[in-house]
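User: I've got this model open at the bench and want to get my bearings. Can you walk me through how it's put together?

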Amino acid sequence: MSYTLFVNLPVKDLNRSKAFFTDLGLQIFGMMDDMASVVISERTQVMLFTEPAFAGYARNEIVDPAKATQAILVLGLDNQEQVDELVGKALAAGATAIGEPVNAGGRYTRSFADPDGHHWAALCLVQP
């Protein structure tokens, strides 16, 4: 059996978030007034919900991602150049860099916060 993963995120401004992920080169699918789906891969999507819509599904209070981390969303890429390219696009589209690039333990990683403050990372495995 295999699964499809849908990660749900609350956003303050749905149009701003759609523009941000489109600027990263990702496809937006299934748009409605209060949600849109960012296609990561054939079996993975990030569902962007306006905060009121997200609150309708959440059992707990929505936290401010600029003040608390619930998850780090990591996008796996094939090589360091792709990592740098994606993070460059993210920063140009309004993301904020988090820390410095890390090249250790067989991994190259760069992190950023999207316009809503959600923590993302781009990662590739590097050959020794």
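User: What order do the four strands of the open sheet take?
Analyst: Keep in mind that this is a predicted model. The sheet is open and its pairing is mixed. Its edge strands, each pairing on one side only, are E1 (5-11) and E2 (27-29). Reading across, the order is E1-E4-E3-E2.

User: By how much are neighbouring strands of this sheet turned against each other on average?
Analyst: Here direction is ignored, and the figure is an average over neighbouring strands of the sheet. That average comes to 30°.

User: What angle does the direction of helix H1 make with that of E4?
Analyst: H1 covers residues 14-23 and packs on the sheet. The helix touches E1, E2, E3 and E4, with E4 spanning 44-50. Between the directions of H1 and E4, the angle is about 155°.

User: Which residue in E3 is the bridge partner of Phe 29?
Analyst: E2 and E3 (residues 35-41) run antiparallel, joined by three bridges. They make a hairpin with five residues between the strands, and in that hairpin Gly 30 has a positive phi near 65°. As for Phe 29, its bridge partner in E3 is Ser 37.

User: And on to E4: which residue there is the bridge partner of Val 38?
Analyst: E3 and E4 also pair in the antiparallel sense, over six bridges. Their hairpin has two residues between the strands. Across that pairing, the partner of Val 38 in E4 is Val 46.

Technical notes: Residues numbered from 1 in each chain as written. Predicted model: local features only at pLDDT ≥ 70, side-chain atom pairs only at ≥ 80, totals over all residues. Heavy atoms only, no water. Pairing = 2+ DSSP bridges. Axes fitted to C-alpha atoms, helices over the stretch in contact; angles between N-to-C directions. Contact = heavy atoms within 4.5 Å.
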